[in-house]
Amino acid sequence: MSSPSRYAFLPPPPPDDPVRPVRSPCISVCRIDAGTGWCDGCQRTLDEIADWGTMPDAERLAVWARIVRRREAAGL
C-alpha cells in the first residue's frame, strides 16, 4: 500500500451498533493499490466499492470484517 500510515482510517462499527444502514469505510482517498487491489483509503476492492450501495447490511458487515483482517495483515 502507498504510505498508509498517513491516513486516518475509520474504525469498524461495533458489533452491537444499531445504526443502519451500515456506514461506508470510505475516507475520500480513492486510489487502488496495484499490488493489493485494495483502495488505499478504505481497503475495499473495486467490486466491494461498486456493490456497496446495493449491499444488504449483513454483507456490509462482512466487508468490514474483511477490511479489519486486511488491515491487520498489512500492519495498518
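Me: What share of the contacts between residues at least 6 apart in sequence join residues at least 24 apart in the protein chain?

Reply: In this predicted model, the share is 50%. A contact here requires heavy atoms within 4.5 Å.

Me: Why is the protein chain called as compact as a globular protein of that length?

Reply: The globule rule gives 11 Å for 76 residues, and the radius of gyration of the protein chain is 12 Å, close to that value, so the description applies. The C-alpha atoms fill a box of roughly 35 × 20 × 20 Å along the principal axes. The chain has two helices and zero strands.

Me: How do you know that C26 and C30 are in no disulfide?

Reply: A disulfide requires two cysteine sulfur atoms within 2.5 Å. The cysteine sulfur nearest to that of C26 belongs to C30, 4.4 Å away; because this distance exceeds the cut-off, the pair does not qualify. A search of the whole structure likewise finds zero disulfides.

Me: Why is C26 called partly exposed, and what makes C30 count as exposed?

Reply: Partly exposed lies between the limits of 20% and 50% relative accessible area. C26 has 33%, so it falls in that range. C30 has 65% relative accessibility; exposed means over 50%, and therefore C30 counts as exposed.

Me: What percentage of the residues of the protein chain count as buried, and how much of the accessible surface belongs to carbon and sulfur atoms?

Reply: Of the 76 residues, 32% count as buried, each with under 20% relative accessible area. The accessible surface comes to about 4,500 Å², and 58% of that belongs to carbon and sulfur atoms.

Key
Residues are numbered from 1 along each chain as its sequence is written. This is a predicted model: local features need pLDDT of at least 70, side-chain atom pairs count only at pLDDT 80 or more; totals for chains, interfaces and linings use all residues. Side-chain values use heavy atoms; hydrogens and water are left out. Buried means under 20% relative accessible area, exposed over 50%, partly exposed in between (1.4 Å probe, protein chains only). Helices (H or I, at least four residues) and strands (E, at least two) are DSSP runs, numbered from the N terminus. The radius of gyration is taken over C-alpha atoms; the globule rule is 2.2 Å times the number of residues to the power 0.38. Accessible areas come from the Shrake-Rupley method with a 1.4 Å probe; for residues, only the protein chains shown count as cover.
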